[in-house]
Each structure stands twice: as structure tokens, then as C-alpha cells.
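Trainee: I would like to take a close look at a single part of this model, and then see how other parts can be described with the same care.

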Amino acid sequence: MEFVIDKEDFVRGLFRSQSVVERKGTMPILLNVLIETREKGISITATDLEIGIKGYYPAEVNKQGSTTLSAKKLYEVVKELPDKKVSFRLKENQWVEISSGRSLFNIMGLSAETFPSFPAYEEEDFVSVEAALLREMVDKTLFAVSADESRYNLTGVFFARRESEQGNFMRMVATDGYRLSLIDRPMKVEMQGMENGILLPKKGLSELTRLLDEEGGEARIRMKNNNFIFHRENVVLIMRLLDAEFPDYQQVIPAQTKKQIRMKRSQLLESLKRVSILSSEKTKGVKFHFAENLLELSSYNPDFGEAKEEFPVDYRGEELTVGFNYRFILEVLGILGSEEILFELEDGVSPAIIRPDDDPLHTCVVMPMRI
């Protein structure tokens, strides 16, 4: 096995693998990347058995072959090499020689035969989606995924197809039991395997956002067996679906609300940041008191004191007081795409609906708390 490759391409491929490789070290081979020669280049593969990523990169191949090397160490070595070209040569007993300019490294690898196989897939049945649209949907739901592994069915994002009189839509929903985010976006064609929805893992979606960041344009997605496959130009990401049933999220979203308050997102965001400084470190609670065209935020900490701030809002109705964990509200405000937002409430103990004023297809729900 022997090839010469541009350092920039090599670094890009190795960088993509860094957050995918297994960190716990239960299987030494999962700490490595698989490097294989192709007709006009190489492929670099990394997996933790739940997520796999494979990229293809042009190279001058002089001898065919394959091997695996430490993903972390190989990346650290290659990114510091002095020249634009990198020479790679597999020697006896899985030793690899890497040279560039006056630098020479000899690194011990493991046989490619023990590396897990990458799931096979056909090029047919992929659905093209706008990369920016897919990135938006992930960004606006991923924050609400539960970090509690004991609530396994909440540790991913529910992805489904929804049909309505307005057409076909892609829907993503995430919740941790305290907040929920739901977003619909138009889908031009149907995607097989989405009839009942699928549950995508948080780590896989985090990797997906990194790939979507790289460039605009179109991306292709499809289902195959129990895997969700993302394909874009020279890279393929495969994630195993979570084997769990997502809860009936529709029950969490209030069917109707009596009170609707329109306000500036930036005003609420900045005021909440200030008032929350003196909130209880345990509960992180901030009190929202709504009056005629006014919102007062207040917090109290027995060890430090109290804080209050008020600002005008568009509200007409009886006074209402409700408490929230300020972090949940801040996270929702951080992903809303409109300066004008709607804050909808039924009473002081029911969930709050927060949504952009100009986007009825995006809804966030935050549960209240007693203060």
C-alpha cells in the first residue's frame, strides 16, 4: 500500500473522523480509522458501531492496500506536516511510514481485517433535500434532546413525514420532558421508511451538522434497514436508528391558549440574562408577571438578593404570574429565527407556547415551574 495525497485533503478526512471514533476504548480497533486505496484515491472510515462516516479523497496511488491507524495520533501528525504533499507507505507488520518534506514518521497500525464493515447501500431511492433546510431543522430541535440515558426514547430527534392539505412536510421533534421543539418544512418528494417516523440519535445528528456546515447546495438522504444514510458528494454518514418509541408529543402542545403576548425576542433575551444572575442556583427559576402591555421579570436568591426588570409588551388581559427555568427560555430564544415572537399561555400552571411571529411551522413548548 502506497500513495501520495494533498495534505489539505488528508487533514479534512481525518478531522471528520475525530468525533466519531470510539473514546471508551472497549475495542482498540474502534480508536482507529480505516484507510483503503481506491482507483484514483483513498477512503477514510471511522465508526463507533452506532455511527459510521466514510469519505473519499483524490490521491496518487502507487500500490493498493489497506490498514488502520490511531485516528487521534494520525490527525495530530498530518496536520503538523511541513509540505503540501504527504507520502504514505505500508511496511511489514502493519508499520506505516509517513513523510513530508524533511519530516518522517513511523507509526504502528492494526490490520484492516479486524475493522468493522461499513453498511452497504445502493445509490437508488435517495431523496434530495436542501442542505440549509436540513441544518435548520436539526439546529432548532437538537437542543431539546434529553441527556438522561435512562429516558432512552427521549435521547434522539423524531423525524417523520407529515401530509396535509398544504402538501408534504418533513417534521422534526425533540423533547426532554421540560421543553419541546417541533418544526415542519416542505418536502418535495416522499421518502421510504418514514411512514411511522424514525428516531435519530443525538450524536449522529451532531456529526450531520458538521458536514452540513462545510458547504451549501443539496444533500441526499434515505433509509436502509435500521440505518439513516446521508450522502453528499465525497462523504457518507450512516447512523443506526434508536430502537425506542417516541412519546405522543401532541399531548404536550396545548390545543388552545387564552392569552397571547407579542414581544421583541432581543428584549426578552437581554432582560432575562440580567435578571437570571440572581436566580436560585438550584432551581434557576425566574418569575414572569404579565400585566396590561407590560412584562416584569424577577428573581430571588436568599444568599445574594433579588432582581427585577420590566419592559413593554403587546398584551391585553388580566394579570398573570408564571415561573420558568430561565435556561430553558434562553435556549428557545437562541434558536428562534424571528425578532417578533409570540408567547402563549392558558394560565399560570400550563405549558407556554413560544413561536416566531412569522413562522407558524415552528413551535416550542416550555413547562412552567413553581417559584
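Trainee: Which residues lie nearest the centre of the largest pocket, and how many residues line the pocket?

Mentor: Bearing in mind that this is a predicted model, the residues nearest the centre of the largest pocket are E149, P201, K202, K203 and L242, and they belong to a lining of 16 residues. Sorted by class, that lining has seven nonpolar and seven charged residues, together with two polar ones, and the pocket that they line has a volume of about 340 Å³.

Turning from the pocket to helix packing, helix α5, which covers residues 265-275, packs with helix α6, which covers residues 326-335, at an angle of about 150°, and their axes are 10 Å apart. The crossing of these two helices, α5 and α6, is left-handed. On the α5 side the contact is made by R265, L268, L269, L272 and K273, while α6 contributes Y326, I329, L330, L333 and G334; by class, the contact of α5 with α6 has seven nonpolar residues, two charged residues and one polar residue.

Charged pairs can be followed in the same model, where the count comes to 28 salt bridges with a cut-off of 4 Å between the side-chain nitrogen and the carboxyl oxygen. One salt bridge is formed by E76 with K73, whose closest N and O atoms are 3.5 Å apart. Both E76 and K73 lie in helix α2, residues 71-79, where they are three residues apart, about one turn of the helix.

Note on methods. Residues numbered from 1 in each chain as written. Predicted model: local features only at pLDDT ≥ 70, side-chain atom pairs only at ≥ 80, totals over all residues. Heavy atoms only, no water. Axes fitted to C-alpha atoms, helices over the stretch in contact; angles between N-to-C directions. Helix = DSSP H or I, 4+ residues; strand = E, 2+ residues; numbered from the N terminus. Left-handed = near helix turned anticlockwise from the far one by under 90°. Contact = heavy atoms within 4.5 Å. Nonpolar A, V, L, I, M, F, W, Y, C, P; charged D, E, K, R; others polar. 1 Å grid on protein atoms, 1.4 Å probe; cavity = no way out; pocket = protein on both sides within 12 Å on 5 of 7 lines; lining within 4 Å. Points joined across faces, edges and corners; volume = space filled by probe spheres on them.
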